[in-house]
Amino acid sequence: QVQVVESGGGSAQPGALLRLSCAASGSIFSIVGMNWYRQTPGGQREWVAGITTTSGTKYADSVKGRFTISGDKDKNTVQLQMNNLRPEDTAVYYCNIQGMLATTGGPFSSWGQGTQVTVSS
């Protein structure tokens, strides 16, 4: 129903920056939440940053001051600007989009396949 695709991942040195992008497509009536998560091999998927209609823009403590999330609901896109990258930022980053379907009027929550971010010297 709703497809989500991430892009922009890659390798970077500590202190460098990367910009991730996420685009959603399909039968979308409206978007109410746009969030980024990350997961290391064998680890839990953790929330990184998000934009919601109820709480606005929020960040995990581990990335606050370094990462910036921005979105364009008219274009169904969200970005994550990652500055001053650290080795512990290495993970697969996933985009999650929540909203209402145009076909049924019901809610949806869709995930992308993820994009790899590797921070090392």
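**Figure 1. Val 92 in strand 9 of the predicted model.** Val 92 is placed in strand 9, and the structure shown is a predicted model. Away from residues up to four places off in sequence, Val 92 touches Tyr 37, Arg 38 and Gln 39. The list of its contacts also includes Gly 114, Thr 115 and Gln 116. Thr 118 is 26 residues from Val 92 in sequence, and the two C-alpha atoms are 8.5 Å apart in space. Strand 9 itself covers residues 91–101.

**Figure 2. The largest nonpolar core.** This core has 31 residues. Trp 36, Leu 80, Met 82, Tyr 93 and Ile 97 are the members that touch the most other members. At least two core residues come from each of strand 1 (2–7), strand 3 (18–26), strand 4 (28–39) and strand 5 (46–52), and the same holds for strand 7 (67–72), strand 8 (77–82), strand 9 (91–101) and strand 11 (115–119). Strand 9 gives the most, with five residues. In soluble globular proteins, nonpolar side chains tend to be buried together.

**Figure 3. Met 82 and its contacts.** Met 82 is one of the core residues that touch the most other members. Neighbours within four places in sequence are left aside in this view. Met 82 is then in contact with Ala 16, Leu 17, Leu 18 and Leu 20, as well as with Arg 66 and Phe 67. Tyr 93 and Val 117 are also in contact with Met 82. Of these partners, Tyr 93 is itself named among the core members with the most contacts to other members.

**Figure 4. Ser 25 in strand 3.** Ser 25 lies in strand 3, which runs over residues 18–26. Its relative accessibility is 37%, so Ser 25 counts as partly exposed. Beyond its neighbours within four places in sequence, Ser 25 is in contact with Gln 1, Val 2 and Gln 3. Tyr 94 is 69 residues from Ser 25 along the chain, and their C-alpha atoms are separated by 16 Å.

**Figure 5. Pro 14 in the loop between strand 2 and strand 3.** Pro 14 is found in the loop that joins strand 2 (10–12) to strand 3. With a relative accessible area of 37%, Pro 14 is partly exposed. Leaving out neighbours within four places in sequence, its contacts are Leu 85, Pro 87, Val 119, Ser 120 and Ser 121. Gln 79 lies 65 residues from Pro 14 in sequence and 20 Å away in space, C-alpha to C-alpha.

**Figure 6. Arg 86 and Asn 84 in the loop between strand 8 and strand 9.** Arg 86 has its place in this loop, and Asn 84 is found there too. Arg 86 is partly exposed because its relative accessibility is 34%. Not counting residues up to four places away in sequence, Arg 86 touches Ser 62, Arg 66 and Val 119. Thr 54 is 32 residues from Arg 86 in sequence, with 30 Å between the two C-alpha atoms. Asn 84 also counts as partly exposed, at 41% relative accessibility. The phi angle of Asn 84 is near 50°, which is a positive value in a residue other than glycine.

**Figure 7. Asn 76 in the loop between strand 7 and strand 8.** Asn 76 lies in the loop from strand 7 to strand 8. Its phi angle is near 60°, a positive value in a residue that is not glycine. The relative accessible area of Asn 76 is 19%, so this residue is buried, given that buried means under 20%.

**Figure 8. The whole chain, as context for the close-up views.** The chain has 11 strands and zero helices. Along the sequence the pattern is β-β-β-β-β-β-β-β-β-β-β. The radius of gyration is 14 Å, which agrees with the value near 14 Å for a compact globule of 121 residues. Taken along the principal axes, the C-alpha atoms fill a box of roughly 50 × 25 × 25 Å. Buried residues make up 42% of the 121 residues. Of the contacts between residues at least 6 apart in sequence, 56% join residues at least 24 apart. The accessible surface is about 6,200 Å², and 49% of this surface belongs to carbon and sulfur atoms. There are 9 positive and 7 negative side chains, and the centres of the two sets are 3 Å apart.

Definitions and conventions
Residues numbered from 1 in each chain as written. Predicted model: local features only at pLDDT ≥ 70, side-chain atom pairs only at ≥ 80, totals over all residues. Heavy atoms only, no water. Core = buried A, V, L, I, M, F, W, Y, C linked by side-chain atoms within 4.5 Å. Buried < 20%, exposed > 50% of the residue type's maximum accessible area, 1.4 Å probe, protein only. Helix = DSSP H or I, 4+ residues; strand = E, 2+ residues; numbered from the N terminus. Contact = heavy atoms within 4.5 Å. Rg over C-alpha atoms; globule rule 2.2 N^0.38 Å. Areas by Shrake-Rupley, 256 points an atom, 1.4 Å probe, with all protein chains shown as cover. Lys, Arg positive; Asp, Glu negative; His and termini not counted. Charge placed at Lys NZ, Arg CZ, Asp CG, Glu CD.
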